[in-house]
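Please look through the structure below before reading on. The numbered points that follow can be checked against it one at a time.

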Amino acid sequence: MSLSAFFLLQGLFAEDVWLSEDIGFPVTPGNAEYDQSLEIFTINGAGTGIEGTNDEFHFVSQEKTGDWEIFSHLLDWEGLDENATTGLMVRANN
């Protein structure tokens, strides 16, 4: 399964450093790129997903502290599989 997702991201954090990594061992390595002039984040990933016992996907993350806001809009996505997924996750570590 392969997917390209195009997100419009706005906010001060958009230009900050992002960690882009594959989880598991997808056949096709993923990547991420931020175009500051267009405020568009392009994320490419592949893998079997997160439904089984061996997760495979591409994950882009950024550590934040304090109060912050995120404005995101999925502009388009091109999946080679009808079960391809994309999403936004926010979590707290303790």
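1. Start with F41. This residue is buried, with a relative accessible area of 4%. The model is a predicted one, and F41 is a useful place to begin reading it. F41 sits in strand β4, and its ring takes part in the pair described next.

2. How are the rings of W18 and F41 arranged? Their centres are 5.1 Å apart and their planes meet at 85 degrees. The cut-off for edge-to-face is over 60 degrees, so the pair is edge-to-face. W18 is partly exposed, at a relative accessible area of 24%, whereas F41 is buried at 4%.

3. The pair of W18 and F41 links distant parts of the chain. W18 lies in the loop between β1 (2-10) and β2 (19-23), while F41 belongs to strand β4, and 23 residues separate them. Ring pairs also bring in Y34, so that W18, Y34 and F41 are linked into a cluster. The count of aromatic pairs is 3.

4. Strand β4 should also be read together with strand β3. β3 covers residues 31-35 and β4 covers residues 40-46; they pair in the antiparallel sense over 5 bridges. Within this pairing, E33 has T42 in β4 as its bridge partner. The two strands form a hairpin with 4 residues between them. In the turn, E39 has a positive phi of about 55 degrees. When following the side chains here, keep one general point in mind: in a regular strand the side chains alternate between the two faces of the sheet.

5. Next, H58. Is H58 buried or exposed? With 13% relative accessibility, H58 counts as buried. H58 is placed in strand β5, which spans residues 57-61. The side chain of H58 makes a polar contact of 2.7 Å with the side chain of S20. The H58 side chain also reaches the backbone oxygen of E21, at 3.3 Å.

6. Which residues does H58 touch, leaving out those up to four places away in sequence? The list is S20, E21, D22, G30, N31, A32, I43, N44, G45 and A46. Both polar partners named in point 5 appear here, S20 and E21.

7. E56 lies in the loop between β4 and β5. E56 is buried too, with a relative accessible area of 18%; the cut-off for buried is under 20%. A polar atom of the E56 side chain lies 3.3 Å from the backbone nitrogen of T48. Apart from neighbours within four places in sequence, E56 is in contact with I23, G24, F25, P26, A46, G47, T48 and G49. G45 is 11 residues from E56 in sequence, and the two C-alpha atoms are 9.4 Å apart.

8. T65 offers a contrast with the buried residues above. At 70% relative accessibility, T65 counts as exposed. T65 is found in the loop between β5 and β6 (71-79). From T65 to A92 there are 27 residues in sequence, but the C-alpha to C-alpha distance is 9.6 Å.

9. Now the chain as a whole. The chain has 0 helices and 6 strands, so its elements run β-β-β-β-β-β from the N terminus on. Of its 94 residues, 22% count as buried. The accessible surface comes to about 7,100 Å², and carbon and sulfur atoms hold 50% of that. Among contacts with a separation of 6 or more, 69% are between residues 24 or more positions apart.

10. Last, how far to rely on each part. What is the mean pLDDT of the chain? The mean is 78, and 82% of the residues reach 70 or more. Confidence is lowest in β1, at a mean of 62, and highest in β2, at 89. A reader checking the points above should keep those two strands in mind when comparing parts of the model.

Conventions:
Residues are numbered from 1 along each chain as its sequence is written. This is a predicted model: local features need pLDDT of at least 70, side-chain atom pairs count only at pLDDT 80 or more; totals for chains, interfaces and linings use all residues. Side-chain values use heavy atoms; hydrogens and water are left out. Two strands pair if DSSP finds at least two bridges between them. Rings of Phe, Tyr and Trp (its six-membered ring) pair if their centres lie within 6.5 Å; planes under 30 degrees apart count as stacked, over 60 as edge-to-face and the rest as tilted. Buried means under 20% relative accessible area, exposed over 50%, partly exposed in between (1.4 Å probe, protein chains only). A polar contact is a pair of N or O atoms within 3.5 Å; within protein, one must be able to donate a hydrogen and the other to accept it, and residues adjacent in sequence count only if both atoms are side-chain atoms. Contact means heavy atoms within 4.5 Å. Accessible areas come from the Shrake-Rupley method with a 1.4 Å probe; for residues, only the protein chains shown count as cover. pLDDT is the predictor's confidence in each residue, from 0 to 100.
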